[in-house]
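Reader: I've got a model open and would like to talk it through. Could we go from the pocket to the core, one question at a time?

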Amino acid sequence: MLYPKLLEILAQELRESSLRPNGSQFIMTTHQPYFVDGFHPEEVWVLEKGKDGFAIVTRASDIQIVKDLTEEELPLGALWYSDYFDKRM
C-alpha cells in the first residue's frame, strides 16, 4: 500500500508515461478515492453491472454533476466516495 500523498504522484507518472511516443495504456481498478483524485474526469471510467449482467461503462466526464463539480475544483475521489458517480442517484 502506498502512502496516500504518493497516489497523486503515481497517477501523474502513469499519465506522463501514456502520453509518450509509443506509450502504454493503463487500466487500473481501485477502491482508493485518493488515487482517483490524481486523474481528470475524462480519464476515469465507471463500470457497473447492468440488469442483464453486462457492464455499463460511463466516462466520469459524461456525468453532468461530476463534470460541473470538478470544474468547481472539487476532488474527483471525494465525488466518487460521495456516490456522485452513481447514475441512479
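Reader: Okay, let's start with the largest pocket. Which residues lie nearest its centre?
Author: Keep in mind that this is a predicted model. The largest pocket has 27 residues in its lining. Those nearest its centre are Met28, Glu43, Val44, Trp45 and Val46.

Reader: And which element gives the largest share of that lining?
Author: The elements that supply two or more residues to the lining of the largest pocket are H1, H2 and strand S1 (45-49). With four residues, the largest share comes from S1.

Reader: What volume does the largest pocket have?
Author: Rolling a probe the size of a water molecule over the atoms shows where empty space is left. For the largest pocket here, the volume comes out at about 990 Å³.

Reader: Val44 caught my eye. Which residues is it in contact with, leaving aside neighbours within four places in sequence?
Author: Val44 is one of the residues nearest the centre of the largest pocket, and it also belongs to the largest nonpolar core. Leaving aside those sequence neighbours, Val44 is in contact with Val36, Phe39, Thr58, Arg59, Ala60, Leu76 and Phe85.

Reader: Now that core. Which helix gives the most to it?
Author: The largest nonpolar core has 15 residues, and Phe35, Phe39, Val44, Val66, Leu76 and Phe85 touch the most other members. Helix H1 (4-19), helix H2 (33-36), H3 and H4 each bring at least two residues to this core. The one that gives the most, with three residues, is H1.

Reader: Any aromatics to look at: how many pairs turn up in the whole structure, and what kind of geometry is it?
Author: A pair of aromatic rings is described by the distance of the centres and the angle of the planes. A search of the whole structure gives one aromatic pair. The ring centres of Phe35 and Phe39 are 5.1 Å apart and the planes sit at 85 degrees, so the pair is edge-to-face.

Reader: Is Phe39 buried or exposed?
Author: The cut-off for buried is under 20% relative accessible area. Phe35, at 5%, counts as buried. Phe39 has 18% relative accessibility, so Phe39 also counts as buried.

Reader: Last one, on H3: which helix is included in what covers its buried residues?
Author: In helix H3 (residues 64-71), the buried residues are Val66, Leu69 and Thr70. They cover an arc of only 100 degrees around the axis, so they lie on the same side of H3. What covers them includes helix H4 (76-81).

Terms used:
Residues numbered from 1 in each chain as written. Predicted model: local features only at pLDDT ≥ 70, side-chain atom pairs only at ≥ 80, totals over all residues. Heavy atoms only, no water. Buried < 20%, exposed > 50% of the residue type's maximum accessible area, 1.4 Å probe, protein only. Arc of directions from axis to C-beta. Contact = heavy atoms within 4.5 Å. Core = buried A, V, L, I, M, F, W, Y, C linked by side-chain atoms within 4.5 Å. Phe/Tyr/Trp six-rings, centres within 6.5 Å; stacked < 30°, edge-to-face > 60°. 1 Å grid on protein atoms, 1.4 Å probe; cavity = no way out; pocket = protein on both sides within 12 Å on 5 of 7 lines; lining within 4 Å. Points joined across faces, edges and corners; volume = space filled by probe spheres on them.
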